[in-house]
Every structure is written in structure tokens, then in C-alpha cells.
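Biologist: Please take one part of this model and go through it closely. I would like a connected account of which segments meet there and which residues do the work of pairing and binding.

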Amino acid sequence: MYVRTVAAAAAVLGITLSALAGPASATPPPLRTGGPKAGPAAAPHAGPKAPPLAGLLGLPVVYAHRGASAYAPENTLASIDLAAQLGMDWVENDVQRTKDGVLVVIHDDTLKRTTDVQKVFPKRSPWRVKDFTAAEIARLDAGSWFRPEFAGARIPTLREYLDRVQLNQGRLLLEVKKPELYPGIEREILDLLDSRGWLDARHVASRLVVQSFSADSVALVHRMRPDVVTAFLGAPPEEDLERYAAFSDRINPWFREINAEWVARVHALRGPHGKAMEVDTWIVDDPDTTQRVVEMGVDGIISNRPDLVRRTVYGY
Ligand code: G3P
Ligand code: CA
């Protein structure tokens, strides 16, 4: 009931603001893809961006998990272009490092599942990201495993990825993935973010969040750049939450591990920037779960099907 009411209000607000913004805001950007054969066929529900005043209604922000990863190969430029075309502001990614020190965007710590590495480098088992150079990784096809029309998509470097999100006028939820495998990666990520314009006041205020399952990594990012918004991935017990509030603005849990009471406990704490801590939950890909987590009071929903979640929450 609550979701239906706020969705109706948001839909009216969205339509009103779209009309005020004029025709340009209703025109989706052209699809740019990470591979020569990638195309827009998988975009089922293109739509406008969420109304900018949605926060006033207490509606959760929607994040495209690994890009629009239900419709395009995860963590590729195709997946973030598609997210932008679907009208999604925020994309989530996973950052790791190659053998020669290049930051790349990939979820698994091996290349097996999402590339043709076993065919291209058959003798390099177990095909760990950290055992391959950037030049070797650039040879891999990161699209065919998903669907043939994405053949030729590549694993992007973080630099390429940041520039593309910028071009799409998007915002980034950046995950430091398995930092224990990559000593010093936090400093390197921050340096790259800085060099690509992602640590200026505008980005730090509202366009970037850095998260990790490693509390040490989140705390380190906070120490090195206290102005950056941070999030710890997980669902710590209530009695431990205060400890995280020292370095983390948000606690981002799996939706199955939380309830309304836990969310309220997080909200009652103030993070390192003096604001109430927030909760962005993952991975929510269906209307019923969306409704459940909205009723729990979460601030953000991270989804492989962000268009579906937006439709459920915002009504369009
Ligand atoms: O953003 C939350 C989510 O990405 C955490 O899980 O395994 O997809 O990185 P995973
Ligand atoms: Ca992730």
C-alpha cells in the first residue's frame, strides 16, 4: 500500500518535472556499447531519470548493479551505457588490479566466468585477474558468454569506465573488490579518481560512493579521503553498528539479512559526516522484494533490473 501511494506521488512528480525540464529530458541518450556487435535489443523499459526531488518523498535511490547487468554483460561499458539509456543515474561496479598494476572493472577474481580466457590462454589456470597484464586482459571477449550480440565487449580499465560514466552524466557506487588480494589498491583508486576529476567538490558531494566488504578497506579510504562518502557491505549485528559509524556513512546489506528494526537502528546513528547513516540493500530484482525493502525504510536499492525496481517504486 505504502509503495503504491508513494509510487503514484513520484509518478506525478516525475511527469511534472519532466514537463518543466522540456523535451530534452525525455530523450534517452544514444546507446554506446562496449563491443562492435553490442546493441540495444536487451533494453526493455527505457525511461526518464528518477525525479530529482524524489528524496523529499523518502523514496529509495535505485542503483544499476554491475550496470544494467540483467540485460547486458556485467561491468562492461555496454552495461553502463544501457543503464544510462534506461534512465538510471547510478551504476555499481567492482574494481580489481592486473599483474602490471592497472585497475580494471570485474567482479570475480578470476577471468573464467565472464570472458573467453580459457580459450585464449589455455595454459594459465586458474586464470586469476592478478596474474594477467592489462594488455592480455584487453584481448579477452567479455561479452559472448552473456549473449552473442555482445561479442567484442571488453573488460574496461577503471579509467575508461570512469570517463564513460562521466560522459553519461552518471554517478558511481564503486566497490573495492577483494582488497586483501591487492595491497595498496585503495590509494591507487583514490589517485585515479582524483586524476579523472572524481574527487572535486561536486563529485564528492553527490556523485560518488566507495564501498567494500572489507571494513579495513572502507576505514582506510575514509582516513585517506575523509570527504568521500563510504559504505560497508554487510549486515553487522546491532550492537556493532556504532563501530562502523566512525568511518562509514552507510551500511549496505543483503536484503535477506535485514528487517525494519535493523534499518531503524542504522538510521539512528550518525556517520562520519554527522548525518544519519543510510542503508542501500542488494540484490533486489523483483516487485515483491522491492515492496518489502521499501517498507523496511531502506535508502537505496541495488538491482540487476533497475528499470523494474524503478517502476515498482516510482510508478514509471
Ligand atoms: O553493491 C552490492 C553488491 O555488489 C555486493 O555483492 O558480490 O555483487 O559484489 P557483489
Ligand atoms: Ca559489487
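Modeller: V61 faces G300 of strand β9; the model is a predicted one. That pair belongs to the parallel pairing of β1, residues 61-64, with β9, residues 300-303, which runs over four bridges. Strand β1 also pairs with β2, again in the parallel sense, here over two bridges. On this side Y63 has W90 of β2 as its bridge partner.

From W90 the strand leads on to the metal site. The calcium ion (ligand 2) is coordinated by OE of E92, OD of D94 and OE of E175, at 2.1 to 2.3 Å. Along the chain these donors are spaced as E-x1-D-x80-E. E92 is part of β2 (residues 90-97) and E175 is part of β4 (residues 171-176), so this pair ties together parts that lie 83 residues apart in sequence. Are E92 and E175 buried or exposed? Both of them are buried. Waters are not among the atoms, so the coordination may look incomplete.

β4 has a second role, as part of the cover over helix α8. In that helix, residues 215-224, the buried positions are S217, V218, A219, V221 and H222. Residues three or four places apart in an α-helix point the same way, because there are 3.6 residues a turn. The cover over the buried residues of α8 includes β4, together with α6 (185-195), β5 (208-212) and β6 (229-233). β4 thus appears in both places: E175 in this strand coordinates the calcium ion (ligand 2), and the strand is among the elements that cover α8.

Note on methods
Residues are numbered from 1 along each chain as its sequence is written. Chains are lettered from A and ligands numbered from 1 in the order in which they are written. This is a predicted model: local features need pLDDT of at least 70, side-chain atom pairs count only at pLDDT 80 or more; totals for chains, interfaces and linings use all residues. Side-chain values use heavy atoms; hydrogens and water are left out. Donors are N, O and S atoms within 2.8 Å of the metal (3.2 Å for Na, K and Ca); water is not among the atoms, so sites may look incomplete. Buried means under 20% relative accessible area, exposed over 50%, partly exposed in between (1.4 Å probe, protein chains only). Two strands pair if DSSP finds at least two bridges between them. Contact means heavy atoms within 4.5 Å.
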